[in-house]
Amino acid sequence: KTLPKLFKEWQRYETEKAVDWHLAGNELDIHQKDSSSITRTHLYNGKIYFVRTIANHLNYYYELVRINEGESEILESFPGGLIGNLEFHEDKLYYALQEAKSGFENFEQNGFGIVGVLYEMDINTGKSKKILKADFKDFTIENNGDILLASQRKDSFGSTISRWNGKLTPLFNTSRLISELLLIDDTFYCVDKSITGSWDISELDMNSGKTSPIVNSAWQETRLKQEGNNLAFTANYDSQYGVYNYDVTTKKIHSLVQSSFAADGVRLGDDIYYTAVTANGERIYKAEINKQEYTKELPENFALPETEVKYNKEGNAFWKNLKYLFIPSSRFNPKSISGMDGIGFNSYSVSNEYNKANGFSSNITWSTSLFNPVSISLAANGVFTDDMNYSLNGNVPLYQSQRKGLSAVSLNLFSDFQEANLPGLVIGFGGAKSSLYSSVNYDIATEGYTADATLSR
């Protein structure tokens, strides 16, 4: 089948599936932007807070928004994503931003990885200050103001629970991976999973360091929130996302809104504010609470058998990895061919051309991150012709950031092995909606400088 026919079939399928699509309530009458997603909805002192992700032609940017008496206010905007949920404590809003950090054993980001930077915002003045920078997945604020963090273990599957009270102190490890933390009164709850299971809701015992699932099914239960003394969460029961309540006393589950799609719901009085999916992106809807007990029996969480990982201890893993270079990942014979080794350290591409005037020629490019964080690319152009030439590109990242301001610093080198030998410096500045990159190169042959700048909005 041709691509247009497949598209029409998919379009017809989606149209038929959406015949009974119904969103409870009405879209909130505030300025809601197209092509956006909404997460981290939170209620504090009668006001609704959420994070809006907006796509533009450059990338994504993020807005922290507050709704007060029907009016929306952008508290802050960010060029990089967030980590964890929003938390409130004594009129302070806590949020964590993604930040790049060097020293990670990866090559895709040239030795940089993502950690979290936790901020505290005074909701009365709108001013924020940095609290800590660490590797974590989520956090919650304890009653005394200390901060509890959950991070992913590096030595095995599971999480490490730590406490921040001016310094970061690891407390214990868990055998299950924790993605969300929530404190209600004196009880800690979390969203966690086994290595082969789905996300559950569990109680976290701070004395034993163990988690005990309380909502445990084969479906996903996530986006944990407080609803009075009970829990609210989002689950895809019956393959349809909805907002649910878990009564910690009766152990019963109730749906809070009857809608074709509902997520991230918060309750205010007799109404629920939730995220709905529309043709223009995600929107916040307001509907009356329609509480109904969920009486279907939930399928038990599954656990696939764990397999033993066998490590190559023969000392020849490097050469075995290179064997994958001989298995091309893409081929458009005889026009082009490309491939990479097993872990992506080395890659290559070959493109071929033929015309009567110049005959047959090839362009070959070899790229390697073997000397991470240094990346090198060597190209041979016009192979099999009299005009064959070579070029070398090298890059060394010195600094990266996902916050506003200085976002990148790197050294680069270009050489054609003849006249052009250009070492240079690239500096980038990032904002929520725009970025500026400037470069300065020094020509060794002419002892002159060239500079350029690119602004993206």
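The following exercises, with worked solutions, concern a predicted model of a protein chain.

**Exercise 1. Overall description**

Task: State how many helices and strands the protein chain has, and characterise its extent and burial.

Solution. Begin with the secondary structure: the chain contains two helices and 35 strands. Next, take the extent of the C-alpha trace, which spans about 80 × 55 × 55 Å along its principal axes. Then consider burial: of the 457 residues, 42% count as buried. Finally, examine the contacts between residues at least 6 apart in sequence; 36% of these join residues at least 24 apart.

**Exercise 2. A sheet and its edges**

Task: Determine the strand order of the open sheet of four strands, and explain why one side of β6 and of β9 has no neighbour in the sheet.

Solution. The order is β6-β7-β8-β9, and the pairing is antiparallel. β6 (82-89) and β9 (128-134) are at the edges with a single partner strand each, so each has one side without a neighbour in the sheet. On average, neighbouring strands of this sheet are turned by 25 degrees against each other, direction ignored.

The pairing inside the sheet can then be followed to single residues. Strand β7 (residues 92-102) pairs with strand β8 (residues 112-122) in the antiparallel sense over eleven bridges. A100 has I114, in β8, as its bridge partner.

**Exercise 3. A hairpin**

Task: Describe how β12 and β13 are connected, and identify the residue in the turn that has a positive phi.

Solution. The pairing comes first: β12 (residues 159-164) and β13 (residues 168-174) are antiparallel and share six bridges. W164 stands opposite L168 in β13. The two strands form a hairpin with three residues between them, and G166 in the turn has a positive phi of about 110 degrees.

**Exercise 4. A charged residue in strand β2**

Task: Establish whether R40 is buried or exposed, and what its side chain reaches.

Solution. First, locate the residue: R40 is in strand β2 (residues 36-44). Second, assess its charge environment. R40 is buried and has no salt bridge; the nearest side chain of opposite charge, that of D138, is 7.4 Å away. This distance can be set against the salt-bridge cut-off, in which nitrogen and carboxyl oxygen lie within 4 Å.

Third, list the polar partners. The side chains of R40 and T39 are joined by a polar contact of 3.0 Å, and the side chain of R40 also reaches the backbone oxygen of L82 at 3.2 Å. Fourth, with neighbours within four places in sequence left aside, the residues in contact with R40 include Y49, F50, V51, L82, K225 and D264.

**Exercise 5. Salt bridges**

Task: State how many salt bridges are counted, and analyse the pairs K129 and E120, K154 and D135, and D264 and K225.

Solution. The count comes to 14 salt bridges.

1. K129 and E120 meet through their side chains at 3.7 Å, N to O. K129 is partly exposed at 48% relative accessibility, whereas E120 is buried with a relative accessible area of 14%.
2. K154 and D135 form a salt bridge at 2.7 Å, N to O. K154 lies in the loop between β11 (147-152) and β12, and D135 in the loop between β9 and β10 (138-141); the pair therefore ties together parts that are 19 residues apart in sequence. K154 is exposed at 65% relative accessible area, and D135 is partly exposed at 31%.
3. D264 and K225 have their closest N and O atoms 3.0 Å apart in a salt bridge. D264 belongs to strand β22 (residues 263-268) and K225 to strand β18 (residues 221-227), so this pair ties together parts that are 39 residues apart in sequence. Both residues are buried.

A network of salt bridges also links R176, D192 and D200.

**Exercise 6. The start of strand β31**

Task: Characterise the accessibility of D386 and N389, and the surroundings of N389.

Solution. D386 lies in the loop between β30 (374-383) and β31 and counts as exposed at 82% relative accessibility. N389 is found in strand β31 (residues 389-400) and is partly exposed, with a relative accessible area of 30%.

A polar atom of the N389 side chain lies 3.2 Å from the backbone oxygen of D387. Leaving aside neighbours within four places in sequence, N389 is in contact with A379, A380, N381 and Q418.

Finally, consider separations between C-alpha atoms. N389 and W199 are 190 residues apart in sequence and 55 Å apart in space. D386 and L268 are 118 residues apart along the chain and separated by 76 Å.

Terms used
Residues numbered from 1 in each chain as written. Predicted model: local features only at pLDDT ≥ 70, side-chain atom pairs only at ≥ 80, totals over all residues. Heavy atoms only, no water. Pairing = 2+ DSSP bridges. Axes fitted to C-alpha atoms, helices over the stretch in contact; angles between N-to-C directions. Buried < 20%, exposed > 50% of the residue type's maximum accessible area, 1.4 Å probe, protein only. Lys, Arg positive; Asp, Glu negative; His and termini not counted. Polar contact = N/O pair within 3.5 Å; in protein donor to acceptor, adjacent residues only side chain to side chain. Contact = heavy atoms within 4.5 Å.
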